[in-house]
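Colleague: I have a chain open and should like to go through its contacts with you. Could you begin with how you decide what to count?
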Amino acid sequence: MSNAKVAISIVTYNSKHIFDVLDNLKKEFRHDENFRFVIFDNNSNEDYKEHLREYMDFAEITFYHENNGFGFGHNYNLLHAEETYFLVFNPDIVLVRDDLLKMIDMMEKDSSIALLVPKVLNPDGSIQHLMRDRVSVFDYALRFVPFQSVKKMFSKRLASYELRDIPNDRDVDIRIGSGCFMLLRGKDFKEVGGFDERYFMYFEDYDLCLELRKRNRRIVYTPFSQVVHYYERGAHKNKKLFKIFMQSMYKYFNKWGWRLF
């Protein structure tokens with residue numbers, strides 16, 4: 001049985017950056033037994049899986065026979081895990097070990113925090129605004145509209161939606177954090193049953209946050225730790241992913257109530 005304190009869960013599907021990500025994680029965590037790495041592969045192509053097998057000395061890897069989505073893979077990795085903390089970790093994240101240690105220390109000192117997210121940066125060092133204060137149909141329409149003049153007209157609304165003015169000098173309670181990097185208290189994740197697997201991809205992270213808040217558990221942003229995210233914005237570029245996005249959005253609003261504005 002593992003003596004690890006943190007289970008780090010990665011779900012992959014032909015993920016573009018995964019091998020650079022894993023090489024970085026091996027460099028940062030190779031000899032630290034406090035961390036256990038679990039990878040769930042959603043039936044990627046054979047060449048990809050063959051390359052991924054080279055990391056079986058570092059991570060426990062499940063090669064699943066079909067693709068059931070993001071939430072399904074993380075639930076498979078985590079719902080029966082025994083570690084105190086779970087880290088939901090995208091296959092396009094670059095992490096420095098000390099940043100994670102600071103987040104763990106923060107959760108150790110404050111048991112009211114169920115979910116903690118860091119500052120998320122682009123590779124050029126600029127900030128990605130992935131946290132949300134609300135979710136409405138209108139705000140999503142604004143994000144996808146191709147006309148900059150329209151976005152400029154509603155710039156203040158978009159800024160509040162994306163929490164662009166969130167303080168950078170203190171920890172802040174938030175409503176919704178991004179699933180690209182979530183440090184969770186294991187018992188809280190299990191209490192809500194993990195991710196809702198009805199979402200194949202998109203909105204499962206929003207849904208998880210609302211489930212935690214429904215139970216009066218805190219979701220907190222800390223600007224004192226950071227990660228780099230190779231954000232692809234797939235739903236903006238790919239018709240198939242956009243269709244999945246719209247299906248998940250429909251499921252989300254059906255579950256939590258439709259908010260037009």
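Modeller: A salt bridge is counted where a side-chain nitrogen of Lys or Arg lies within 4 Å of a carboxyl oxygen of Asp or Glu. Please bear in mind that this is a predicted model.

Colleague: How many salt bridges does that rule give?

Modeller: The count comes to 24 salt bridges. In general, side chains of opposite charge can pair when their charged atoms come close.

Colleague: Which residue pairs with aspartate 173?

Modeller: Aspartate 173 forms a salt bridge with arginine 218, and the closest N and O atoms are 2.8 Å apart. This pair links distant parts of the chain, with aspartate 173 in strand E7 and arginine 218 in strand E9, 45 residues apart.

Colleague: Are those two buried or partly exposed?

Modeller: Aspartate 173 counts as partly exposed, at 46% relative accessibility. Arginine 218 is also partly exposed, with a relative accessible area of 26%.

Colleague: What about arginine 215, which residue does that one bridge to?

Modeller: Arginine 215 forms a salt bridge with glutamate 191, with 3.7 Å between the closest N and O atoms. Arginine 215 lies in the loop between helix H9 and E9, and glutamate 191 is in helix H8, so the pair ties together parts that are 24 residues apart in sequence. Arginine 215 is partly exposed, at 31% relative accessible area.

Colleague: And where are lysine 255 and its partner, glutamate 211?

Modeller: Lysine 255 is in helix H10 and glutamate 211 in helix H9, 44 residues apart, so this pair too links distant parts of the chain. Their closest N and O atoms are 3.0 Å apart. Lysine 255 counts as partly exposed at 31% relative accessibility, whereas glutamate 211 is buried, with a relative accessible area of 10%.

Colleague: Which residues make up the salt-bridge network?

Modeller: Glu191, Asp196, Arg198, Asp207, Glu211, Lys214, Arg215 and Lys255 are linked in it.

Colleague: Changing topic: how many disulfides are there?

Modeller: The count is zero. Cysteine 180 is in no disulfide, and the nearest cysteine sulfur, that of cysteine 209, is 11 Å away.

Colleague: Why is there no bond from cysteine 209?

Modeller: Its closest cysteine sulfur, in cysteine 180, is 11 Å away, which is too far for a bond, because a disulfide requires the sulfur atoms to be within 2.5 Å. Cysteine 180 counts as buried at 4% relative accessibility, and cysteine 209 as buried at 0%.

Colleague: Now asparagine 168. Where does that residue lie?

Modeller: Asparagine 168 lies in the loop between helix H7 and strand E7. The residue is partly exposed, with a relative accessible area of 38%.

Colleague: What does asparagine 168 touch, leaving aside neighbours within four places in sequence?

Modeller: Asparagine 168 is in contact with Lys119, Ile127, Tyr221, Pro223 and Phe224. Its side chain makes a polar contact of 3.1 Å with the side chain of tyrosine 221. The C-alpha atoms of asparagine 168 and threonine 222 are separated by 8.1 Å, although these residues are 54 apart along the chain.

Colleague: One last item, helix H4. What span should its 13 residues have?

Modeller: At 1.5 Å a residue, helix H4 (residues 97-109) should span 18 Å, and its end C-alpha atoms are 19 Å apart, which agrees.

Colleague: Which residues of H4 are buried?

Modeller: The buried residues of H4 are Asp99, Leu100, Met103, Ile104, Met106 and Met107. They cover an arc of only 155° around the axis, which puts them on the same side of H4. An α-helix has 3.6 residues a turn, so residues three or four places apart point the same way.

Methods. Residues numbered from 1 in each chain as written. Predicted model: local features only at pLDDT ≥ 70, side-chain atom pairs only at ≥ 80, totals over all residues. Heavy atoms only, no water. Helix = DSSP H or I, 4+ residues; strand = E, 2+ residues; numbered from the N terminus. Expected span 1.5 Å × (residues − 1). Buried < 20%, exposed > 50% of the residue type's maximum accessible area, 1.4 Å probe, protein only. Arc of directions from axis to C-beta. Contact = heavy atoms within 4.5 Å. Polar contact = N/O pair within 3.5 Å; in protein donor to acceptor, adjacent residues only side chain to side chain.
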